[in-house]
Amino acid sequence: MRTDTTNTNSTGAAVPKVSVIVPFYNEEESIEPLHAAVVAGLEPLNITFEMVFVDDGSKDSTAARARAIAERDPRVRFVRFRRNYGQTAAMAAGIDHAIGEILVTMDGDLQNDPADIAQFLQKIDSGYDIVVGWRFQRQDKLVSRKIPSRIANWLIGKVTGIPIRDNGCSLKAFRGSVIKRIPLYSDMHRFIPAMASIAGPRIAEVKVRHHARRFGNSKYGLSRIYKVLLDLLVIKTIASFAARPLMWFSLLALPLLLTGTSLLGYSLVRALLDGATPSLPLAGSGLILLASAFILFCSGAIGELIYDLGDSREHQYATLTQRLRTRAPNTEAQAR
Amino acid sequence: MIERNRKVQLSVIIPVGARHSDLAELFAEYRAGLEPLLMTHEFIFVLDGPHPDVLRQLEPLIDAGNLILVCLNRRFGESTALMAGFERASGDLILTLPAYHQVEGGQIGKLVAALDGADVAVGWRWPRAGGVLERLRRRAFHGMVRMVTGMRLHDLGCGARALKRSVLEELSLYGDRHRLLAILADRQGFKVAEIELSQSRLDRFEGVYLPGDYAHLILDVFTVFFLVRFTKKPLRFFGTLGATMFGAGGLIILYLVADRLLFGQSLSDRPALLLAALVVVLGLQLFALGLLAELIIFTHAQHLKDYRTAEIIQYPPQPAAPRTTRDPALERVVLR
């Protein structure tokens, strides 16, 4: 379990202000320029920082180069996966291993500009918990990339209730104490802000520069829309209903209950009035729907059981972003 | 828990189930096969359930050879027996062998030698005896496994497997999972090799495969399929299935309603209505199951890490390493 949420590590060593998390997958040409760019972007700011490079089981020399950088530069932490586990896992690993107060995530393909990080830090310092980038002049193909992404962003905003203009931009900044407690799994790296909404964070957007890809090939395509839709549904239901599964299933059961009752009732009334036997298809359908509503209701009860036995309650997501206002004159009134 | 007054290099675990050959003879054969390796080794026979005859046979040998007998009080199945043997094992390399003549005893050294380049080496009985039907069955099974996992395996049923200690420490084997060991290990990022071993002349299967055996194989394939594709995203599976059914049922209903409105075909005497209701309801139930599964994942997400790390480089090397850096030796110390 993640317990290091207090921003001090056990050695008592200085905690860096910023951790820059970069997942790499087959980006051998990008890694060195990226390291240089991050250093060039952060050194003028006069803050302590570290970088967490996560190698997601690359097949090329990415790992060797990242290791070389980590051995040369003590600010770089290098985590190598045993095999390819996907971008969400890489992000999660980066977040787990970073120790900074503010965690910045970015892509390993040089499409983000580390010089933009300064704006993100400013936003976090001014009280936001999550800051997401918005590639307002995007350097990608219009039809195959920009239009689908416009539609996807609109949809994600509608469904999750968090209107972010550019969910696909990897350049994001998080308050470490918040993001470290948010579960990330499956393919959720696209929806980190939506998933984080279970803790009710304050979210801001900043415009970022976007460069065309210099090396390698893009690893995204149109084909993922269907998966994205299902993931979206999962996040939506979890974010809004996880703590109330019985209600969640009752909502599913309600239409069945209504249709079932009316079908059954109609056929019975007709049978009574006409004095004939009830029509089998109508009454049968009604019964099936009613039975199903009942089973859904029971599933909801099982859901309550699962939630009760799980560990979500311990995490108290609400406390991650709360602010205390008390009369006590101590300095901890602004607890995070 | 484990008393380790003497440590050996190689632990041989032999789970003894209902089917076993003359074990004294087999023991001698295996021991001769390990001779050329020049490794210190121990044999652990796990008697899965009461086997008085085996006990009588092996007990006199305890003093002579490096032999441990673990007697389980009832039959628990091969996976559990393997894990019980592993509890007792002190070697860094583990070799599991079948309790009946399956491979030539002289060949098992090849398996252990293969651990130089791999974490897991599984046996493949080749060339192999067997009728056309059996070969076909085998081919179909492994073809399906390959389709799902992308792994080119030929003999999941072979009980001769060599593996490094760390592999068994990370895997949880239960039920019938020992057969899927190669696949499970691959999923954890371990390197798996398949080694050709010549089949024992005595490994003959006289009899017919019953429908139950086929059901077993199909269930195995399904387990693998689910493990590989959907463990962390159950709604992708249940949701797709459910949505398809729901859609199909919806279409039938649409057709029936159109028929009713346009051609006056009464709904009450159409059995198709029953079918439609049934399919819609089934789809909804599947979907609900998927949501329940997602709830289970979500409430345990903090414990289920998606990734396994191969190495971590950080400065200064921290004593309180993140949870995911698994150092088995360290963990055992903590446990005590």
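B:R308 sits in the loop between helix 10 and strand 8 of chain B. Keep in mind that this is a predicted model. Is B:R308 buried or exposed? The answer lies in between: B:R308 has 18 other C-beta atoms within 10 Å, so it is partly exposed. A residue would need 20 or more such neighbours to count as buried, and 12 or fewer to count as exposed.

Leaving aside residues up to four places away in sequence, B:R308 touches A:F81 and A:R82 from chain A, along with B:Q188 and B:G189 from chain B. There is also a long jump in sequence here: B:R308 and B:F190 are 118 residues apart along the chain, yet their C-alpha atoms are 9.5 Å apart in space.

**A sheet built from both chains**

A:F81 is a good place to pick up the next thread. In strand 8 of chain B, its bridge partner is B:T309. That pair belongs to a longer join, with strand 3 of chain A and strand 8 of chain B pairing in the antiparallel sense over four bridges.

Follow that join outwards and you get an open sheet of eight strands, in the order 7(A)-5(A)-6(A)-4(A)-1(A)-2(A)-3(A)-8(B), with mixed pairing. Which strands stand at the edges? They are strand 7 (203-208) of chain A and strand 8 (309-313) of chain B; each has a single partner strand, so one side of each is left without a neighbour in the sheet. From one strand to the next, the twist averages 20°.

At the chain A edge, strand 5 (residues 130-135) of chain A pairs with strand 7 of chain A in the parallel sense, over six bridges. Within that pairing, A:W134 has A:K207 of strand 7 of chain A as its bridge partner.

Helices pack on this sheet too. Helix 2 (residues 62-72) of chain A lies across strand 1 (18-24), strand 2 (49-55) and strand 3 (76-81) of chain A, plus strand 8 of chain B, and runs at about 150° to strand 3 of chain A. Helix 3 (residues 87-97) of chain A touches strands 1, 2, 3 and 4 (102-105) of chain A as well as strand 8 of chain B, and its direction makes about 155° with that of strand 1 of chain A.

**The sheet of chain B**

Chain B has an open sheet of seven strands, in the order 3-2-1-4-6-5-7, again with mixed pairing. Strand 3 (67-71) and strand 7 (192-197) of chain B are at its edges with a single partner strand each, so each has one side without a neighbour in the sheet. The twist averages 20° from one strand to the next.

Strand 5 (residues 120-125) and strand 6 (residues 161-164) of chain B run antiparallel and are joined by three bridges. There, B:A121 stands opposite B:A162 of strand 6 of chain B. Helix 3 (residues 78-88) of chain B lies across strand 1 (10-16), strand 2 (41-47), strand 3 and strand 4 (93-96) of chain B, at about 150° to strand 1 of chain B.

**Where the helices meet**

Here are two helix pairs, both involving helix 9 (residues 234-263) of chain B.

| Helix pair | Angle | Axes apart |
|---|---|---|
| Helix 8 (residues 225-241) of chain A and helix 9 of chain B | about 105° | 10 Å |
| Helix 9 of chain B and helix 10 (residues 272-299) of chain B | about 160° | 7 Å |

The angle in the second row makes helix 9 of chain B roughly antiparallel to helix 10 of chain B. Helix 9 passes helix 10 of chain B in a left-handed crossing. The residues of this contact divide into 26 nonpolar, six polar and one charged.

The pair that spans the chains is another story: helix 8 of chain A and helix 9 of chain B are roughly perpendicular to each other. Helix 8 of chain A brings A:K227, A:L230, A:L233 and A:V234 to the contact, while helix 9 of chain B brings B:L235, B:R236 and B:G239. Those residues divide into four nonpolar, one polar and two charged.

**Chain A meets chain B**

Zooming out, 55 residues of chain A are in contact with 47 residues of chain B. Which element gives the largest share of the chain A side? That is helix 10 of chain A, with 14 residues. By type, the chain A side divides into 30 nonpolar, 15 polar and 10 charged residues.

As for chain A itself, it has 12 helices and seven strands, and 45% of its 336 residues count as buried.

Conventions
Residues numbered from 1 in each chain as written. Chains lettered and ligands numbered in written order. Predicted model: local features only at pLDDT ≥ 70, side-chain atom pairs only at ≥ 80, totals over all residues. Pairing = 2+ DSSP bridges. Helix = DSSP H or I, 4+ residues; strand = E, 2+ residues; numbered from the N terminus. Axes fitted to C-alpha atoms, helices over the stretch in contact; angles between N-to-C directions. Contact = placed C-beta atoms within 7 Å. Parallel < 35°, antiparallel > 145°, perpendicular 65-115°, else oblique. Nonpolar A, V, L, I, M, F, W, Y, C, P; charged D, E, K, R; others polar. Left-handed = near helix turned anticlockwise from the far one by under 90°.
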